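Here's a quick walk through a few spots worth a look. Pull up the viewer and follow along.

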Amino acid sequence: MANFKDWALQYVLADDEPLQFEIAKKAAKEIESSNASRATVGNWAASVQPWMSRAQAGDDDLMEDGDDGGSGDIIARAKALGFLAGTLEALDKTILRTDQIVFLVGFFGSMFSYDHKAGITASTKALRQLFVMKGFKPDMGVKMLEDVCKLKEDFRLQSVVTRLEIYELFRSLVKDPSVSSELQHKYGSSCGFVVDLLQLCQHERDPRNLMLWFDIIASLVADYSPSEEVTGEIFKAFSAYFPISLKSSSTRIGITADDLKVALRSCFAAHQRLAPLTFPFLIQKLDQGDAVTVAVKLDILRTIKACVESYEHPQASLVPYIGKIWGSLKYEVRNGEVKETIDATLDVLRAIADKLDGSKTQKLEASLLKGYIDTVFKDCKEDLANPTYTKQAGLLVMTVITANIRGYVLESAALLDSIRSNFRQPKSPSHTRDLLLILNSILKARLELVKNRGQGHPEDAEQLKTEPRASLDALFHDIYLSTWTAKSSEPSKENTEVLKQVVQGLALLVSQQTVQQDGQTSLLCSGETCSQICTLLIQTLIKGLTLSSNDKETNDSSLEEEAQLALRTVGLNYTQAYEEFARTAKAEIKKRDWANASAYSLEALRDLLFRLAFVGCSELPHNVAGGSAGSKPFSPLQHFITSTATLLELFPLSVAGLSAEAHKESPANSYVIAALHAGLLFFRDACVAKYGADALVAFSRDDKNWVEEFGGFSDDWIQQLKSGEASDPTLSSLGEEDPEVYRQFLRLSLFIVRYLYRSATAGVQTVWSGRILSQVSNIAAFVIRNLDEKLQISCNLANEAFTLFSGKDVAEGNASPFLELLTRGVLEGLWPGAMAELYNPGGIAENIMCNPPKLEDRHSHQREIRASVALILANKHKMGPSTSDPESQTMKKVLGTWGDQLKASAASDIDLGAFESLNTIAMHIFAGAVARQDRNVLDLVPVLKEAIASEHVGDIVSRSMGILVTESELLLTENHAVVRRFYKQWAYSQIAKQFYPLALPSENGPAAATRYRAAILSIVSNCAFSVYEADVEPLLRLLITTLGDRGNVSPQQLVAALEVLVEILANEPDSLKSHLKAVIGGAIGVSEESLSQSQASSKKDPNQTSARKLALQALAAIPKKFEERYLLPHALRLQRVLAMACGDPVREVRLVARLARGNWAKVK
């Protein structure tokens, strides 16, 4: 038979909680194994009797003596009760019978009246375990409450943790439906137990306990039916805490002041029976004037709003108090200055209107809402005529009227009439502006009401069908048009602000929809009104083309920006608006000669073209009845088609592109292509916003060959779609919510790329300059990179990169030396898998990359283009699983070929210009392979060593080594480049580190060592510090040697050395302590010598400027990284040097010099 007494003793003597828990589990298992027999449970309960008996024997003496000498017995007694509580926690909750639970409830409940010094926490825990037992009965919960309340004044003396346990017990009891029913049956409306609870907990101050106490109070108010007297006592109990705050404490408790505010707010909003107490109390707090801080005011307003939203039966709980609430709150807006309090006040007023309207399932009498709105309107009507308060008054009235559909239908006409009457006699331009602001806010709110009409009560949509529209119909002619006519003839800053409000209002007016009897919507404005509004906005946007450079100073472009946004909004609903804009803009642009246009005219052209793209492509149009009066069916792509077709029709604006010298080329053509590219970007972003990025990925796929399909279309297919001469069933069947729109956008975009490419290869070459071809290349890269790999394969885009969509190889031998830009554009956007066939042995990729004679062009720009093509081909090569695979052999052959070329060049007297071209191509091919960590690159390391050692070509090779790890847009993951995460670490370890032993003067001679240092620094300067962190010490020696050998080092190499030095200073300055003198001397030498060389030369070298700036950055950082004892020997000299540097001719260098001088001035 189990010895519970021994276990109880072990539990009392133990200080380790896990051990105590194991002992309690033993006792629980013993009770469970006996099926909770009466004898076993009795023995278990009696096991703590020794500690209880000692307490009974000595308790009176202890109380008389007032001594703590019995504290040991108190602790032991608490642990003994903890043994029982722990056993109950571990015990199966279904095993104890009801009579046993009754006994235990009585036992632990007696502790609250018998022993206040020990065991309260354990007894409470035990009661909480008994509460969740299967045999627990509601009357036991009543007894628990009554027993715990016997603590009375001793409750406040308990520890925070003990009180927390008691609050948890209270909350469980008062929220339990069966216990709640039993309490109400026993106490009725007198709720005597509530009064006991209030007296027990009235002094609580701990934040965690208050969170529970407020929750309990909210339940008492909401779930019970206390009398008015008891309700008043409850209100006094929690309202005494308002407004509540939380003192800062070093101890984290996981509760914020906002948590407490929300919990207390739930008490006020618990039940409408509190309304007679809550509203007067909160209004009285709010009306204390300057004594109320913003934070408290916000708390009050949010509490009022919570009460308004929570209280039921608003006829009794809200209507009687509306007068007082409105009388206080109106001044928070009328005279308010803090936006947060104004917004919170408007939220309250809006909540009242919504409450008086009813719910989604039941409407209240309309007279309640109408009476409230009339009260607000009556007090604000006079203020609408007062410029000082116009905005505030309008905000108040507009808030309550547009809070819901019923309020809008009932009172909007009266508000619009009042605004119209004030428009007849405005007091000032600001008064007019504010009236327009109110009117626009009403229209904006109406849009939301119509849009969300199906989310409320069914009557809402029906009421909109009967909405009075006469006032709305008259707005254009009575207010907007008349104001525009009056203000646009008198340019001024104030009038411009008014006109901007007019423009916003016109957009909102065209966007308004009416609900028809069949539930469908149509545009409010007639086609004639929409057309007039479009004409007005379009004239504003094209006005820039008609102005001269003298007018530029007086013209405020902000109005045009506003008109741009407005016309976009108009075009979304009235789709003919954009067609009219495109037609008018095209006609105005075509009138002018752009070959010899002024700078101002070109700037105006650029702005108009980009507005054409933005208005048409940045959002998808809506299919609204009455919004498209033309014969063409609605399509979400119609504005995109109109935009791109118009721009293609405009190109070229100038055919004199390269007829003169290159620097005289007109940028007009470039602006057209740039606007076309912008339109593509705008439309894709619009698709992302509407459908989500994930949907776009799914709809970038297709199994069709679009390019082959395009062969059946005429070259001006896009223009025919715009004019209606051609149609496409897929485009005309699209819905605006269908993500298929994105796939068709890509299809149209690819056709545009094909059209531009074909035009470039067959058109007038003086039009297709290098700048234009570069822009077209970027368009192609953007479009193609958004296509799925399988779609790229099905369209055979890898081969189209070299045929340029013409069906024949035109990339080589064409009259334009820049056509390879177009090849690069396609390759840049391709997935590696879509290029696989290019790498077949003897295939296109191999022929291009292994063909040095064709790549020895001395034209630097074309050299870079060809190098970038080679970079892409080298990078997007997919290696096979082994080096014997044909794919791997192809790249091995390419790298070997270029290695042989470098090796042969190093041993010959090759022309340096030709070698510069060859080396550039080679390094870009190597860089593409390095980015994917091609193991064949390692075979090139000996070749690179040999090439760098060459006195003839070594300098060129060494300074170009940085290309291997230079960041390039061609190697971005968005372009599907193959870039290993740690490829720079790999390149540094496998290539740069191999040069360290050769970088210091040795038998190779100082010149060779200099070249190896240049190679190392070229690579390292393009790497993050973490890449070479482990080699800082040997690298520092190279840096110091480079800075000390300035006469034999190029400015480019000095820049690389200083960039690395600045990085080391920022990340590991301690490594410089032993080299500080050499570093400072080297930086000073670079600064002084670079400045003298720059002053002596008429040609400015950007590398010299960068070197000076970096040297001064290093000097500026040193005082912040080292103690003064290391700096004092250099301070005097540096003050003189930095004073001279402050007179540098380059502003950026002067700024850094001043910073450095200030830092060194603190060294004393």
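## Two cis prolines

Let's start in the loop between helix H32 (638–650) and helix H33 (668–691), which is where Pro 652 lies. The peptide bond that leads from Phe 651 into Pro 652 is cis, and its omega is near -5°. Keep in mind throughout that this is a predicted model.

There's another cis bond between Phe 242 and Pro 243, with omega at about -5°. Pro 243 also sits in a loop, this one between helix H13 (228–239) and helix H14 (257–268). As a rule, most peptide bonds are trans, and most residues other than glycine have a negative phi.

## Positive phi without glycine

On the phi side, His 313 is one to check: phi is positive, about 50°, and yet the residue is not a glycine. You'll find His 313 in the loop between helix H16 (294–310) and helix H17 (314–317). His 313 has a relative accessibility of 52%, so it counts as exposed.

Gln 933 also has a positive phi, about 55°, again without being a glycine. The loop here runs between helix H46 (912–931) and helix H47 (941–949). Is Gln 933 buried or exposed? Neither, quite: its relative accessible area is 27%, so it falls in the partly exposed class.

## The largest pocket

Next, the largest pocket, with a volume of about 700 Å³. It has 26 lining residues, and those closest to the centre are Leu 447, Lys 451, Gln 513, Asn 573 and His 622. Four helices give two or more residues each to the lining: H23 (429–451), H27 (493–511), H29 (557–573) and H33. H33 is also the helix that follows the loop of Pro 652.

Which helix gives the most to this lining? That's H23, with six residues. By class, the lining of the largest pocket splits into eight nonpolar, nine polar and nine charged residues.

## H8 against H9

For helix packing, go to H8 (residues 138–148) and H9 (residues 160–175). Their axes are 10 Å apart and make an angle of about 145°, and the crossing is left-handed. On the H8 side the contact uses Gly 141, Met 144, Leu 145 and Val 148, while H9 brings Ile 166, Leu 169, Phe 170 and Leu 173.

What sort of residues make up this contact of H8 with H9, by class? Seven are nonpolar and one is polar, with no charged residues.

## Gln 463 and Glu 1068

Two single residues to finish. Gln 463 is part of helix H24 (residues 458–465). Its relative accessibility is 19%, and buried means under 20%, so Gln 463 counts as buried. Leaving out residues up to four places away in sequence, Gln 463 touches Ile 405, Arg 406 and Val 409.

Glu 1068 belongs to the loop between helix H53 (1051–1067) and helix H54 (1076–1096). With 29% relative accessibility, Glu 1068 counts as partly exposed. Which residues is Glu 1068 in contact with, leaving aside its neighbours within four places in sequence? They are Phe 1025, Glu 1029 and Val 1032. Glu 1029 is 39 residues from Glu 1068 in sequence, and their C-alpha atoms are 8.5 Å apart in space.

Notes
Residues are numbered from 1 along each chain as its sequence is written. This is a predicted model: local features need pLDDT of at least 70, side-chain atom pairs count only at pLDDT 80 or more; totals for chains, interfaces and linings use all residues. Side-chain values use heavy atoms; hydrogens and water are left out. Axes are lines fitted to C-alpha atoms, for helices over the stretch in contact, and angles run from 0 to 180 degrees between N-to-C directions. A crossing is left-handed if the near helix is turned anticlockwise from the far one by less than a right angle, and right-handed if clockwise. Contact means heavy atoms within 4.5 Å. Ala, Val, Leu, Ile, Met, Phe, Trp, Tyr, Cys and Pro count as nonpolar, Asp, Glu, Lys and Arg as charged, and the others, Gly among them, as polar. Buried means under 20% relative accessible area, exposed over 50%, partly exposed in between (1.4 Å probe, protein chains only). On a 1 Å grid over the protein atoms alone, a cavity is a set of points where a 1.4 Å probe fits but cannot get out, and a pocket is an open set with protein on both sides within 12 Å along at least five of seven lines; lining residues have an atom within 4 Å of a point. Grid points are joined across faces, edges and corners, and a volume is the space filled by probe spheres set on the points.
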